[in-house]
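Trainee: I'd like a close look at one part of this model, the place where protein meets DNA. Could you start me off gently?

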Number of protein chains: 2
Amino acid sequence: MNADELRGHMDALLLAVLEHGPLHGYAIIEALRERSGGALDVPTGTVYPALRRLERAGYLASEWAEAGGRRRRTYRLTGEGQAALAGERSAWRSFTAVIGSVLDPSR
Amino acid sequence: MNADELRGHMDALLLAVLEHGPLHGYAIIEALRERSGGALDVPTGTVYPALRRLERAGYLASEWAEAGGRRRRTYRLTGEGQAALAGERSAWRSFTAVIGSVLDPSR
DNA sequence: AAGCTACATGTAGACAGCCTATATATAGAA
DNA sequence: TTCTATATATAGGCTGTCTACATGTAGCTT
């Protein structure tokens, strides 16, 4: 998966993966890898700053937790985040429609 | 249309729009706007450097032409460019499948 | 004649997001 | 003790798209 392609869609991915329940950063990376069948292997240097950015934006809220002697920062979707996710899904649909209209004019 | 979203897909758009015949830069911008129903309005500062980059890569070839007293640089797809376009189409399909698998896990 | 719009190309520099590389730390297995 | 998996974090680099500007022709309006 190309880095440039992912650009602008990272937020949608992170919000979507948190939709069904809170997760910490490391688990988010694993969830993205599993859900995509191994195609998405997002580095920590991408995910952690992005999560903080989304929290600053009010879309996520986080709290520290402890599990097996290791500290985790667990993120959950806020109400604003749910709304943002809906917006991202809508934007994704129109985005694919627009690019598709150029790449596949027949359809 | 967001600038970040377009990132990594510009090449595919330019190659696709040149598939059915040569065009000059200004006409390419108009073609993208028309094909997308007005959603794509790519600035010249994006298109002209991108076309040169694609030519350097061997995917496009260009030559100067004159029409109505104005000079145009007309671009056409090379053989390599056709192959690149096929690759871009394939990449687009897997890209949408991957993002879709996260955004719409049900499908 | 002057001014405006459409046509047509091009570059410099800003911006922003994703990446690599690095640092730190615990737990458990080899 | 060493290696791997788990877990978080930041600094700096890279690069493609954008804004803003520069240049010039043609044709229409005032």
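Trainee: Which pattern does chain A follow when it is read along the sequence? After that, please take me through the surface near DNA strand D.

Mentor: Sure, and one thing up front: this is a predicted model, in which local features need pLDDT of at least 70 and side-chain atom pairs count only at pLDDT 80 or more, while totals for chains, interfaces and linings use all residues. Residues are numbered from 1 along each chain as its sequence is written, chains are lettered from A and ligands numbered from 1 in the order in which they are written, and side-chain values use heavy atoms, leaving out hydrogens and water.

Now your pattern: chain A reads α-α-β-α-α-β-β-α. That comes to five helices and three strands, where helices (H or I, at least four residues) and strands (E, at least two) are DSSP runs numbered from the N terminus. The C-alpha trace of chain A spans about 55 × 30 × 20 Å along its principal axes. Of its 107 residues, 42% count as buried, and buried means under 20% relative accessible area, with exposed over 50% and partly exposed in between (1.4 Å probe, protein chains only).

There's a record to go with this chain, too. An unreviewed UniProt entry annotates residues 14-86 of chain A as "domain: Transcription regulator PadR N-terminal"; positions are in the numbering used here, feature names are shortened, and such annotations may be inferred rather than shown by experiment. That span is 49% helix and 25% strand, and its end C-alpha atoms lie 13 Å apart.

On to your DNA strand. 28 residues surround DNA strand D, and the closest are A:Tyr26, A:Arg72, A:Arg73, B:Arg7 and B:Thr46. Of the strand's atoms that come within 4 Å of the protein, 66% belong to sugar and phosphate. "Near" here asks for a residue heavy atom within 4 Å of the strand.

Let's zoom in on some atom pairs. A polar contact is a pair of N or O atoms within 3.5 Å; within protein, one must be able to donate a hydrogen and the other to accept it, and residues adjacent in sequence count only if both atoms are side-chain atoms. A:Thr44 puts a polar side-chain atom 3.1 Å from a base nitrogen of DNA strand D. A:Gly25 has a polar backbone atom 3.4 Å from a phosphate oxygen of that strand. From chain B, an N or O atom in the side chain of B:Arg53 is 3.3 Å from a phosphate oxygen. The elements giving two or more residues to this surface are α3 (25-35), α4 (44-56) and β3 (70-77) of chain A, together with α1 (3-6) and α4 (44-56) of chain B. The largest share, five residues, comes from α4(A).

By class, the surface near DNA strand D has nine nonpolar, nine polar and ten charged residues. For the sorting, Ala, Val, Leu, Ile, Met, Phe, Trp, Tyr, Cys and Pro count as nonpolar, Asp, Glu, Lys and Arg as charged, and the others, Gly among them, as polar.

What sits behind α3(A)? Its buried residues are A:Gly25, A:Ala27, A:Ile28, A:Ile29, A:Ala31 and A:Leu32. They pack against α2 (10-17), β1 (23-24), α4 and β3 of chain A, together with α5 (79-103) of chain B; contact means heavy atoms within 4.5 Å. Just after α3(A), A:Gly37 takes a positive phi of about 65 degrees.

How do the two chains relate? A rotation of 180 degrees, with 0.0 Å of shift along its axis, superposes chain B on chain A with an RMSD of 0.1 Å. The two copies are therefore related as by a two-fold rotation axis. The superposition is by least squares on the C-alpha atoms of residues with pLDDT of at least 70 in both. In chain B, B:Arg7 comes closest to the rotation axis, at 3.3 Å (C-alpha).

Finally, peek at DNA strand C. 28 residues surround it, the closest being A:Arg7, A:Thr46, B:Tyr26, B:Arg72 and B:Arg73. Sugar and phosphate make up 65% of its atoms within 4 Å of the protein. A:Arg7 has a polar side-chain atom 2.8 Å from a base nitrogen of DNA strand C, and α4(B) gives the most to the surface near this strand, with five residues.
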